[in-house]
Structure formats: C-alpha cells, structure tokens
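Please open the model in your viewer and keep the selection panel within reach. We will go from stop to stop, choosing a few residues or elements each time and looking at what is there.

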Amino acid sequence: MDQKTAHRDEITRFLAQKLNISHIRDYCPNGLQVEGQMHIGSIVSGVTASLALINEAIKAGADALLVHHGYFWRDEDPRLTGPKQARIKQLLAHDINLYAYHLPLDMHEDIGNNAMLAKKLGFLSRGRFGENDIGWLGITENPVISTVSELAALIENRLGRKPLLIGDPDHPVETVGWCTGAAQGMLPEAAMAGASVYLSGEISERTVHEAREFGVAYLACGHHATERYGVEALGELLASQFGIRHHFIEIDNPV
C-alpha cells in the first residue's frame, strides 16, 4: 500500500488556523520557515531544530520537521553562516520542510506546552495570567501533594529531571502557577494572580530574590524538559488529521 501524503500548503493552512498564529504577537515567524518538498508523508517532531535533530530526521526519511524552536529570531544575525548555514543546508539538500511554532504552541488550550505539561503533572487549570493569558493557574489533582518538596519529587518523577527548588521545601502547595520555557520573569505576575508556587523552565539571578520577596516558592524544571510535550502532541494531531506518519525524536538537553 502506498504511503498517504498531504500537500504542504494544506498542512500549513491547517496549523495556522489550529494555532491561531495571525493573532499572537511573537518574536519569530510562526509557520513554514524552510520550504521543502510539496507532498508530505512523514513528519518528525522535536523541541529545537538543531543539527542533531535535522540529521535524525534525515535518517528517519522525514519530509517535514516540526519544532517549537526554529530560526529567524528577532535581532538575530540574518547571515547564513556557521551552524545556521549547516542546519539550513541540510534541510535544503534533503528537501525537508521546517515548521516552527513558538508562542502559539505555548499558549494553545488543548495541545500547547502549558496544557500538555498540566496533563503530565496532573494540574487542573483554574485560570490564566500574563500577556495574552500565556501563564496558567491551577491546583494539583493529587491530594498527596501538599508541600513544595512533594511537588518537586513529582516533577522529577514525571519529567525525569530534578527541578531546582527556591524557597521553603515545606511551603504549602495551594495555587500553582506555571509557564514553560524561559518564563521565569513572569513570577511576579504569577504571585499577584494568586500563585503560592510557580514553576517554569529556567532561572535567572533575580528570580531567587523575587521568589523570596513575593513569598512564592519557585521550581526551575528545565526549559527543554517542560517543552517536550506540546510539539509531540501537535505532530500526533497532524498524523491523525492527514493520515501521515509521525515520529517524535528526543535530543537530550539538560537545560
């Protein structure tokens, strides 16, 4: 039986509509970033369009690569030199399409990074905060989780990465705020929205002081670790929608 394929433009339109990309302000282009072959039968998804992921996609015979972190960021050097040239050269040489979705994927209510992290950790959403309501508020559905140290243990178990805990390990878990990736700067907004505990991917020097002064415990859970699940879910959705193959590839990243 021949492998089913979908037209590149049909997939592009579907993703643009599903993720509502025209209504979300971002600092990179969302959508098709590198144009490859017209007919797509196999998609590889991953967090970042690194050379390692591209090479794995080539080995897998992918027609398209779907990522959360793509290229052409605001204020980025536009020249195609060094590692950027090597990445794009491989994509073009193998006629592979590159799709990238940043903030629209973080924010999506069903398959976004925040939504999928909530499913992974057992959080029940009760509200939003921040610009475009990108941050999420909720509670943990596990009644055993009553302190920050217990929440940290749950995160380590579910994500396979020990989070950095700032604050009193016995701090009570009441309302949890979360936003994946490099959203540590949203801690004050999470606190003002009512979070007693806030978690994100990264941590800055100032985050420690803000957590102490707002009286909020903070958990730095890893940028990569918190953003593995949205792009995988999006790839599975494409496979279901168009009847094409999808394979998520994990490229290890300790950050």
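Select Arg206 to begin: in this predicted model the residue is partly exposed, at 46% relative accessibility. Add Glu210, whose side chain meets that of Arg206 in a salt bridge, with N and O 3.9 Å apart. Is Glu210 buried or exposed? Its relative accessible area is 18%, so Glu210 counts as buried, the cut-off for that class being under 20%. Now show the cartoon around the pair: both residues belong to helix α8 (residues 205-214), where four residues, about one turn of the helix, separate them. While you have charged side chains on display, select Arg8, Asp9 and Glu35 too; salt bridges with shared partners link these three into one network.

**More charged pairs**

Next, select helix α2, residues 51-59. Here Lys59 forms a salt bridge with Glu56, and their closest N and O atoms are 3.3 Å apart. The two stand three residues apart in the helix, which means that about one helical turn separates them. Lys59 is exposed, with a relative accessible area of 68%, while Glu56 is partly exposed at 29%.

Then move to Lys84 and Glu76, whose side chains meet in a salt bridge at 2.7 Å from N to O. Which of the classes does Lys84 fall into, buried or exposed? Lys84 is buried, with 13% relative accessible area, whereas Glu76 is partly exposed at 28%. If you would like to hunt for others, the whole structure holds eight salt bridges.

**The six-stranded sheet**

Hide the side chains and colour the strands. What is the strand order in the open sheet of six? Reading across, you meet β7-β8-β10-β11-β12-β9, and the pairing is mixed. Select β7 (123-129) and β9 (164-166) to see the edges: each has a single partner strand, so one side of each is left without a neighbour in the sheet. Turn the view to look along the sheet, and you can follow a twist that averages 25° from one strand to the next.

Now zoom in on β11 (residues 197-200) and β12 (residues 217-220), which run parallel and are joined by four bridges. To find one contact point, pick Val197 and look across to Ala217, its bridge partner in β12.

**Helices across the sheet**

Bring back the helices and select α5, residues 113-121. This helix lies across β7, β8 (135-140), β10 (176-178) and β11. Relative to β10, α5 runs at about 135°.

Select α6 (residues 148-159) next: the strands that this helix lies across are β7, β9, β11 and β12. Its angle to β12 is about 15°.

**Zooming out**

Finally, display the whole protein, with its 10 helices and 13 strands. Along the principal axes, the C-alpha trace spans about 55 × 40 × 30 Å. How does the radius of gyration fit the chain length? A compact globule of 255 residues would come near 18 Å, and the protein has 19 Å, which agrees.

Colour by accessibility, and 52% of the 255 residues will show as buried. Switch to a surface view for the exposed area of about 11,800 Å², of which carbon and sulfur atoms supply 50%. As a last step, turn on the contacts: among those with a separation of 6 or more, 65% link residues 24 or more positions apart.

Technical notes:
Residues are numbered from 1 along each chain as its sequence is written. This is a predicted model: local features need pLDDT of at least 70, side-chain atom pairs count only at pLDDT 80 or more; totals for chains, interfaces and linings use all residues. Side-chain values use heavy atoms; hydrogens and water are left out. Two strands pair if DSSP finds at least two bridges between them. Axes are lines fitted to C-alpha atoms, for helices over the stretch in contact, and angles run from 0 to 180 degrees between N-to-C directions. Contact means heavy atoms within 4.5 Å. The radius of gyration is taken over C-alpha atoms; the globule rule is 2.2 Å times the number of residues to the power 0.38. Buried means under 20% relative accessible area, exposed over 50%, partly exposed in between (1.4 Å probe, protein chains only). Accessible areas come from the Shrake-Rupley method with a 1.4 Å probe; for residues, only the protein chains shown count as cover. A salt bridge is a side-chain nitrogen of Lys or Arg within 4 Å of a carboxyl oxygen of Asp or Glu.
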